[in-house]
Amino acid sequence: MHSFIYEESIKLQLHNLNIAIIDERKTNIELLTTTLQSLGVFNIFAFSHAQQFLNEIETQQFDVLFLDHNIEQLHNHYDMISDLIFADKLLPTTRLIYLTFKETSFDYTCEYPFHSTQMITRPFNTAQISEQLKQHVLQISEFKTAYQFISQKHYKRALLHLKDLRKRNYPNYLKKARNQLLVNLLQQLGQYNIAKKLLIPLAERHIHWACWSLFHINYELKELDKCKQFLATPLIQKVYPVRVFYWQIYLSWQTNKRHIATEQVLAFELEKMSPMMFRLGLMTLHANQEVEALDNLFNRIHSIRNENIAYQNFTNCLKTRMLFLSALFDPSKEHTLNAKQSLIGVQKSMQVDNPDEFSTLMISLMILEGNHSPAKEKLIQLAEKSSDDPIQVIFLAFLYHHLGEHQNAFECIYTAHQLINRQLKNCQHVLAGLMHKIVFEKIYATKKARAQAYEKIGRRLYTSAEYKNAVKIYGHALNAGIQSNEIQSRLDECVHLSGITDHYYQTQMHSVSA
């Protein structure tokens, strides 16, 4: 009798699920719809274009998303989901299920703090879909209270609730879900060493999500040698080449071994690069002044994507942006002329697809040609439009710097920092972080100037009660050379107020200031 009631409860919960299918192939949608209906699911919303789904998500929430795995495409679902989570437009209870026609090494689970993810290889069967839906309803039911706290960003309360559930005899998938939530909540609260103790025994059993979570913990604790050793593991390089790609680039910059970043870009198969990976590769080569390699990369992508007009326009616009960066870094007549000619070539497509980008580059051209007064007026107008794209905001900071508008440049640097701090730790985050680092070092060219900028950002964060973020920034200020008992005292206060019990800067800064 109890078993019957349990099964009926599951059926009722399945019946009440809102499910979205996002796939450009009509036959795929029809097959999955039929499968779901056979399981008693009828609240099904099908979208053949991502934009249709984006319009619907403004007013409708979904319990489960089925997404075509199309990472290499220009408008891929992976980047779309990242943007939605970044903008808080997906509930943490939303389950993401990617469908792929072949085995793929691309894994999503470590990049989303609270969303459950799964990848299923086509052709799938009804039992696979049924199992995913049952796991979903049981997970949401069992951890309902924790998810409510997470939605309200009451992370400590969610953590305490989940800790009370640790002795329950769960099936493996619920143990995994509970442990992942616990680890990510500990990270949100800055309890890195506690998370590390939980992860080490799981990582020693080669459980991949735990290994990657441990990597992120080591990164927060600035144990970069351990991070590099992990990324160099042959199995990790084989199974997760994409994630290794962007993290090796980021770590090589932070450890001042930029040649490794160049090698990483040149060694990766261009055909398997997502658009965001391609952008990161371009920025890496540009920052490392690998001019010939940069030109070669553009030529190869044009050859590979020669039948895709949208992708061709995308790469032409990226090339124009790179040329303007070169001109702003080195304002020679040759660089300015090359950038201007390139902008003329992409003007029509850019004005239609990305008018703000076009306006940004037009302002850049005005600055390069010495027309500072109209450039300043248009830049102020453009900056009044709020942007969630940290790369765009960083570009505006650099333009303000060229106009001598130092306070406006700082405001953009600060805003970009805040946006990057909120981003998911994925390729997009690494690209924005790299761009921020490059422009920050151009604007604040001396060690003293950088230290003062860090101190100013830290003061702003402290005033707005963002203590965890302020800990990192005050640490950077001390590392950059400011010898200040006041900053050390403020750092100690932020460590206390943030609730952080263990952090790299907490253990290292006293020796720096001594």
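How many cavities of 30 Å³ or more does the structure hold? This predicted model holds 2 cavities of that size, and the points below take up the largest of them, then the nonpolar cores, and finally one asparagine.

**The largest cavity**
- The space inside the largest cavity comes to about 70 Å³, and the residues that line this cavity are Arg279, Leu282, Met283, Leu318, Arg321, Met322, Ile391 and Leu431.
- Sorted by character, the lining of the largest cavity has 6 nonpolar residues and 2 charged ones, with no polar residues.
- At least two residues of this lining come from helix 15 (275-287), and at least two also come from helix 17 (309-329).

**The nonpolar cores**
- The largest nonpolar core has 137 residues, and the members that touch the most other members are Phe143, Trp212, Phe245, Phe278 and Leu280.
- Helix 23, which covers residues 427-443, gives the most to this core, with 10 residues.
- When its neighbours within four places in sequence are left aside, phenylalanine 278 is in contact with Leu270, Met273, Leu297, Phe298, Ile301, Phe314, Thr315 and Leu318.
- There is also a second, separate core of 19 residues, which includes Leu67, Leu84, Tyr98 and Tyr112.

**Asparagine 193**
- Asparagine 193 belongs to helix 9, which spans residues 192-204, and is partly exposed because its relative accessible area is 31%, a value that falls between the limits of 20% for buried and 50% for exposed.
- Although asparagine 193 and leucine 221 are 28 residues apart along the chain, their C-alpha atoms are separated by 8.7 Å.

Terms used: Residues are numbered from 1 along each chain as its sequence is written. This is a predicted model: local features need pLDDT of at least 70, side-chain atom pairs count only at pLDDT 80 or more; totals for chains, interfaces and linings use all residues. Side-chain values use heavy atoms; hydrogens and water are left out. Helices (H or I, at least four residues) and strands (E, at least two) are DSSP runs, numbered from the N terminus. Buried means under 20% relative accessible area, exposed over 50%, partly exposed in between (1.4 Å probe, protein chains only). A nonpolar core is a set of buried Ala, Val, Leu, Ile, Met, Phe, Trp, Tyr and Cys residues joined through side-chain atoms within 4.5 Å. Contact means heavy atoms within 4.5 Å. On a 1 Å grid over the protein atoms alone, a cavity is a set of points where a 1.4 Å probe fits but cannot get out, and a pocket is an open set with protein on both sides within 12 Å along at least five of seven lines; lining residues have an atom within 4 Å of a point. Grid points are joined across faces, edges and corners, and a volume is the space filled by probe spheres set on the points. Ala, Val, Leu, Ile, Met, Phe, Trp, Tyr, Cys and Pro count as nonpolar, Asp, Glu, Lys and Arg as charged, and the others, Gly among them, as polar.
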